[in-house]
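Me: Could you take a close look at a single part of this structure, and then set it beside the ring contacts found elsewhere in the chain?

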Amino acid sequence: MKYVALVYYDEQAMEKLSQDEWDALNRECIACGESLKEREQMIGGNALLSTQSATTLRIRAGKVDITDGPFAETKEQLAGFYLLDVKDLNEAIQAASKIPPARYGSIEIRPVRELQDENNVSYEAQKRD
Amino acid sequence: MSNQHACDSNAIRKSIEVLYKQESRKIYATLIRLLGDFELAEEALQDAFNAALKHWPTQGMPEKPVPWLISTGRFKAIDSIRKQQRQREKLEVAATEMDGVSDIAGQAQEQNANVIEDDQLRLIFTCCHPAIDPKVQVALTLREVCGLTTEEIASAFLVSNTTMAQRIVRGKAKIRDARIPFELPDDTDFNNRLDAVLTVIYLVFNEGYSATQGELAIRSELTSEAIRLTRLLYSLTPDPEVAGLLALMLLNDARKAARTNASGDIILLEDQDRNLWSKGLIAEGTQLVAEIMRAGEYGFYTIQAAISATHAVATTAAATDWSQIVELYTQLHKVSPSPVIELNQAVAIAMKEGPDAGISIIERLLERKEMQRYHLAHAAYGELLSRAGRTASAINAFKTALNLTTQLPEQRVLKQKLLKLGEN
């Protein structure tokens, strides 16, 4: 079963790390990714540049509307993602608990929804049994 | 049909009823593991008992009824999945599960009953998974493990049936969609996960024990379900803290009859009629506490149980071993530091050394912001001030407490205190 682990942290808090601390954290993240791939628990993923570099796009009335920045101001910002392939939520939790930024911010684990040609599960149905 | 036969079939129907009462939750838990789906398991359970009602009166009871019911339920479920080809996905899941356990009923007959007992434990751990909202954990545990109806749980927690039904649906959907497995946590996680289970059980107990609103019958069902679950848990995982929680609940439950008067008002521990305390529950609770403490490895629940046990064996409030209670609070504070524990300890110190000793501790505690909004801190402060003869200050403290609580029974207790001091 596939899950995405979304990594969030407060960018301003991370700015306070020294260059050495920041590099050390990044080396840890590289090692974490390699180890998860070695166990065949990770399909892919990336760290992201800061929200300052984000561009948000919407199509309204057939027109592409572009704005600067992320779509919502939040306390913690999306900093990266891991696409995991594991047995169940317990394994996903174990894998995600190895992601180093979990010590600073938070990791949101979401099951992947596979798109289908038909009979896609609606949001309404997800609330039901 | 001969009379003898009719008599036999009546007896068999009675046995099926008894089986349903005693074993249906166990069978359900096993069916959930086998079928990997709450709804399928629920249907399979009903189908299995219907099949028993149909066949046993004429064919006689099978030698091992529980494995028969499990195996029948499972086959009925596969049958119904096959009929509903549109539920292709469920079939695949169930079919893979099925391959792994080619004939669980056959195996179960050979194996001991441990596998089936463990299924209930698996279900408890699944319903109390930390990825599920705590409120939903409690509701799911009562519904799926204890078999209470949604209406009963709703009325116990004073929410509407719709709200409670949604909560349960939300929990089941989370288990299904996020794929929370029906598995016991592995060794590294076990203690953490066990803590979550104990928290849920203690919440269930306190919901039944503390609140004075709601239907009495259902409230006492909650406390007895919490105790039953803990007994089950203890028989499956003999962890000292499970025993500690069991002892704590038994000792608190022992005081049930003395805790309120006829009009539902709270009677404080020191004013309770100790003849109304259940001697049997106290004996069992204190013995458990003694055993755990002798073994030397204990924590949060056991220490609270030990405090409760110290109260329980005292013939009067004055005859209580207050030194021991003060010492136990020190231990409790080490395990789980909290100003509320310091507050309780201050009251015990006042009982041991006189009100002034307690007053100075509470005054220090009241400098903390979180304690300034806590009505029980002001109530305890008022009580000690009143004992020290400082009536005017006591009245002020009780009034502050009264302003901070919204619970009617608590308000009545405080109003009585104020009346006694000549205020209204």
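Reply: What follows looks at one helix and then turns to the aromatic side chains. The model is a predicted one, and the part chosen here is helix α19 of chain B, which runs over residues 375–387. Its 13 residues reach 19 Å from the first C-alpha to the last, close to the 18 Å expected at 1.5 Å a residue. The helix is mostly covered, with 10 of its 13 residues buried, and among these are His378(B), Tyr381(B), Glu383(B) and Leu385(B). The buried residues of α19(B) pack against α16 (339–353), α17 (355–365), α18 (369–372), α20 (391–404) and α21 (408–420) of chain B. After the helix comes Gly389(B), whose phi is positive, near 80 degrees.

As for the rings, the count comes to 7 aromatic pairs over all chains. One of them joins Trp56(B) and Trp68(B) edge-to-face, at 5.0 Å centre to centre and with 65 degrees between the planes. Because Trp56(B) lies in helix α2 and Trp68(B) in helix α3 of chain B, this pair ties together parts that are 12 residues apart in sequence. Trp56(B) counts as buried at 2% relative accessibility, whereas Trp68(B), at 25%, counts as partly exposed. Tyr202(B) and Tyr301(B) also form an edge-to-face pair, 5.6 Å centre to centre with 85 degrees between the planes, and this pair links distant parts of the chain, helix α10 and helix α14, with the two residues 99 apart. Ring pairs link Tyr202(B), Phe300(B) and Tyr301(B) into a cluster. Finally, Arg259(B) lies over the face of Tyr209(B), at 3.8 Å from the ring centre.

Terms used
Residues numbered from 1 in each chain as written. Chains lettered and ligands numbered in written order. Predicted model: local features only at pLDDT ≥ 70, side-chain atom pairs only at ≥ 80, totals over all residues. Heavy atoms only, no water. Helix = DSSP H or I, 4+ residues; strand = E, 2+ residues; numbered from the N terminus. Expected span 1.5 Å × (residues − 1). Buried < 20%, exposed > 50% of the residue type's maximum accessible area, 1.4 Å probe, protein only. Contact = heavy atoms within 4.5 Å. Phe/Tyr/Trp six-rings, centres within 6.5 Å; stacked < 30°, edge-to-face > 60°. Lys NZ or Arg CZ within 6 Å of the ring centre and 35° of its normal.
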